[in-house]
Amino acid sequence: MSAERPTLPPVRLHTEAELARDALAAPLLARAARLARWAGPDTRVGAGGELVDAQLPAAAEHLGLTPDEDGAAEASEAWRLAVDTGLVEVEDPAGETGDPDDGFGGDDGFGDEEAGDQEPAGTVTAGENLALLTGGSPADVLAIWLDGLEAAYADATAPAFDDFADLIGEDGSVDFDALDWDPETEAEFLDGVLGNLYLLTVGEGADGAPVPLPALAASMIVPDDMGEPTDDVLEQISDAMMRLDDQFRVLEPIGIVEYQPVDEALLVEEGEGALSPGDEEDVTRYGMVRLTPLGLYGIRARMLDAGVDAPAIGDLADKGADALLGGVAHYPEAAARAEIQLWLTHRGPDGAAAELLDAARGADELGPLRRLHCQQALALVGAEAEPAVRAVLDDAELGGLARVWLAERGAEDVPAPSEEMIFWLAIDTIAAQLEAAGDLDELQGLVEGLSGQHSGFFEEAWRVDHPATADVLEAMGRLHSDKKQAKDARKAAFKARSRGGSAD
């Protein structure tokens, strides 16, 4: 009885205006914008669009950075982002404008160590995107920031090494085999890590607390069925932690994570490159990471681009009731309620109840869940729903739901249901809970409660003309704690299948 489920739980995103403010406040983008406004016709750049060494001290000073190697490196990084995001444009002597990129995020990918005393190779002008940072819409700002995220991501997955001169060919290509580095594998690993971090952040019951780096690394390496990790696995986790430490340091300035780095004293205590926290260690010393609201937005955007089903609350607000009830079918309860409330706000009360009830019909596998969420939605509509609800009292699929809703509101003149309707509603209710795959104890209580309300329940239930009858009775046989009742349920399931009462 399983229909297709979304890959990930729905995420509750901040508004575009809030996210755009966060994007503008991200340290790396803020520095890139400052440098773009600082730059002018006299700004000297190299062949890859990078600032020449002689310009770096002035750029660092403009950003309020220390006048040393670290300050120059940060200024260079901010300049590269300005080029990558179109905040500045570099025109070479031949008149070609753009942001030269060989796949490492805007220049040769190796910082400015190779720049030496470069000869200026182009002129700089303000890019079209610079004006959008202050005069554009929140969507414009976020589009620029997403370009910056891709550039930062490329930097985070680039190889880290000190001496690369011997690895660059005469044509500027890099001998990746000599690096022992596979760009696709590296990107897939970081995608997986960020995907796990996303899931830990949006999953039901998640509290947004920082995640220890060892746990995040282990989530990618330790097999689900492994007990005590082997020494080889522990070594892989240690290597992954060191790489992730470098990567999160690169990603934090673009604003997607809050990161507490690995305590460098540990590298001295345990030997560089060997990290394995003990049971009584302070795990925070091994790195802690949390996705920011902007990070949730950015990682989700990357997932959507990759074809991953990553819903967000509000996605269905402007859709029809059929899309709403189908879309929230497997949402956690709180998320489903939030999505329905947004839909009702957008839709307005007039005609909403009738539209919801019409969308709740159907004999497919998701029909019971649609009716369950329809009932929850009608509770949010309130008294305005009563005329539409009374209009379906004689409907075979919706009549039981309508009576329950009216009774819960204390309505008068609610006709008593027929026995056939009572049994049909019982099967439909359990089918919805089975499809929702909720708490097992609650489901068992529902099964035993419904069967206990009706004497000889299983003698009659197998006759119910519902497509899920046999599947529901089989499940009741597995879940019922009373052995005799469980046996009766299994017999009833067999009878239902024999009469062709289940959609197999």
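**Close-ups of a predicted model**

**View 1. The β5–β6 pairing in a predicted model.** Strand β5 and strand β6 (residues 288–291) run antiparallel to each other and are joined over 4 bridges. Look for Q260, which sits opposite M288 of β6. Step back a little and you'll see an open sheet of 3 strands, ordered β4-β6-β5, with antiparallel pairing. Its edges are β4 (211–212) and β5 (257–260), each of which pairs on one side only.

**View 2. Two helices lying across the strands.** Helix α8 (residues 183–202) lies across β4, β5 and β6, at about 70° to β6. Helix α10 (residues 231–251) lies across β5 and β6 and makes an angle of about 130° with β5.

**View 3. Helix α2 and its buried face.** How far apart are the end C-alpha atoms of helix α2 (residues 27–38)? They are 16 Å apart, and that agrees with the 16 Å its 12 residues should span at 1.5 Å a residue. The buried residues of α2 are L28, L29, A32, A33, L35 and A36. Viewed down the axis of α2, these buried residues fall within an arc of 165°, so they line one face of the helix. That fits a general rule: an α-helix has 3.6 residues a turn, so residues three or four places apart point the same way. The buried residues of α2 have plenty to pack against: α1 (16–25), α3 (56–62), α4 (69–84), β1 (88–91), α5 (128–135) and α6 (138–156).

**View 4. Y198 and the largest nonpolar core.** This core has 77 residues, and W79, L87, W145, Y198 and F248 have the most contacts inside it. Helix α6 gives the largest share, 9 residues. Zoom in on Y198: leaving aside residues up to four places away in sequence, Y198 touches L8, V11, L291, L296, I299, R300, M303, A310 and P311. There is also a second, separate core of 33 residues, with I313, L325, A353 and W405 among its members.

**View 5. L344 and its contacts.** L344 belongs to helix α14 (residues 333–347). Is L344 buried or exposed? L344 counts as buried because its relative accessible area is 10%, and the cut-off for buried is under 20%. Not counting residues up to four places away in sequence, L344 touches A352, L356, A377, L380 and V381. Take A377 from that list: L344 and A377 are 33 residues apart along the chain, while their C-alpha atoms are separated by 8.3 Å.

How values were computed: Residues are numbered from 1 along each chain as its sequence is written. This is a predicted model: local features need pLDDT of at least 70, side-chain atom pairs count only at pLDDT 80 or more; totals for chains, interfaces and linings use all residues. Side-chain values use heavy atoms; hydrogens and water are left out. The expected span of a helix is 1.5 Å times one less than its number of residues. Buried means under 20% relative accessible area, exposed over 50%, partly exposed in between (1.4 Å probe, protein chains only). The arc is that of the directions from the helix axis to the C-beta atoms. Contact means heavy atoms within 4.5 Å. Two strands pair if DSSP finds at least two bridges between them. Axes are lines fitted to C-alpha atoms, for helices over the stretch in contact, and angles run from 0 to 180 degrees between N-to-C directions. A nonpolar core is a set of buried Ala, Val, Leu, Ile, Met, Phe, Trp, Tyr and Cys residues joined through side-chain atoms within 4.5 Å.
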